[in-house]
Amino acid sequence: MKGLIESMNRIKHHIILGDLEERKKVKIVVDGEEMEAMEGEMIAAALLANGRKQFRYTKRYHSPRGIYCGIGRCTDCIMTVNAIPNVRTCITPVENGMVIETQKGLGKWKRGGSCV
Ligand code: FES
């Protein structure tokens, strides 16, 4: 599985912050694919480390979106997380077993409701 291979996109040594401390690894499922993440890191960071850059598609033009501000202000990174749409992945930490889906448009609630 692609996601289980040690990530080439993760910074392990920073010139100012030093070495990345070892953290417990957890599993997340993204669009049906199992991926590895570090406990406590943000969902967006885990996705980028696993090579995922598109997090949602816009409602009108179906344009792909990913990280933009990275601080929870722009909503470009929203995804459906554990069946809850519009979760800002850049400020939401991963949890073991979390199920994450690419969001299309405004998202849908699993019980038949819609944000449309
Ligand atoms: S990247 Fe802007 S809110 Fe997440």
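**Note on the predicted model: core, sheets and turns**

1. **The core.** The largest nonpolar core has 21 residues, and those that touch the most other members are Ile28, Ile43, Ala44, Ala46 and Leu47. Two or more residues come from each of S3, S4, helix H1 (43-49) and S7. H1 is the biggest contributor, giving seven residues to this core. Please keep in mind that this is a predicted model.

2. **Ile28 in detail.** Which residues does Ile28 touch, not counting those up to four places away in sequence? They are Met35, Ala37, Ala46, Val94, Met98 and Ile100. Met35 is also the bridge partner of Ile28 in S4. Ile28 is itself among the core residues that touch the most other members, and so is Ala46.

3. **Overall layout.** The chain has 10 strands and one helix. In sequence order the pattern reads β-β-β-β-α-β-β-β-β-β-β. Of the 116 residues in the chain, 26% are buried. Take the contacts between residues at least 6 apart in sequence: 43% of them join residues at least 24 apart.

4. **The five-stranded sheet.** Five strands make an open sheet, with the order S4-S3-S9-S7-S8 and mixed pairing. S4 and S8 are the edge strands, each pairing on one side only. On average, neighbouring strands of this sheet are turned by 40° against each other, direction ignored. Points 5 to 8 take this sheet pair by pair.

5. **S3 with S4.** Strand S3 (residues 25-30) and strand S4 (residues 33-38) run antiparallel, joined by six bridges. They form a hairpin with two residues between them. Asp31 sits in the loop between S3 and S4. Its phi is positive, about 50°, although Asp31 is not a glycine. That deserves a look, because most residues other than glycine have a negative phi. Is Asp31 buried or exposed? Asp31 counts as exposed because it has 12 C-beta neighbours inside 10 Å, and a residue is exposed if it has 12 or fewer.

6. **S3 with S9.** S3 also pairs with strand S9 (residues 99-101), here in parallel, through two bridges. Val30 in S3 has Ile100 as its bridge partner in S9. Ile100 is also one of the residues that Ile28 touches.

7. **S9 with S7.** S7 and S9 pair in the antiparallel sense over two bridges. Val81 stands opposite Ile100 in S9. Ile100 is thus a useful residue to follow in the viewer: Val30 is its partner in the S3 pairing, and Val81 is opposite it in the S7 pairing.

8. **S7 with S8.** Three bridges join S7 and S8, which pair in the antiparallel sense. Met79 has Val87 as its bridge partner in S8. The hairpin has two residues between the strands, and Asn82 takes a positive phi near 50° there.

9. **Asn82 and its surroundings.** Asn82 lies in the loop between S7 and strand S8 (84-88). Asn82 counts as exposed, because it has 12 C-beta neighbours inside 10 Å. What is Asn82 in contact with, leaving aside its neighbours within four places in sequence? The contacts are Met98 and Val99. Asn82 and Ile100 are 18 residues apart in sequence, yet 6.3 Å apart in space, C-alpha to C-alpha.

10. **Thr75.** Another positive phi to check is at Thr75, near 65°, in a residue other than glycine. Thr75 is in the loop between S6 and strand S7 (78-81). Thr75 counts as partly exposed, because it has 13 C-beta neighbours inside 10 Å.

11. **The three-stranded sheet.** Three strands form an open sheet, ordered S6-S5-S10, with mixed pairing. Strand S6 (64-65) and strand S10 (103-104) are at the edges with a single partner strand each, so one side of each has no neighbour in the sheet. Strand S5 (residues 56-57) runs parallel to S10, with two bridges between them. Arg56 stands opposite Gln103 in S10.

Methods: Residues numbered from 1 in each chain as written. Predicted model: local features only at pLDDT ≥ 70, side-chain atom pairs only at ≥ 80, totals over all residues. Pairing = 2+ DSSP bridges. Helix = DSSP H or I, 4+ residues; strand = E, 2+ residues; numbered from the N terminus. Buried ≥ 20, exposed ≤ 12 C-beta atoms within 10 Å, placed from the backbone. Contact = placed C-beta atoms within 7 Å. Core = buried A, V, L, I, M, F, W, Y, C linked by C-beta atoms within 7 Å. Axes fitted to C-alpha atoms, helices over the stretch in contact; angles between N-to-C directions.
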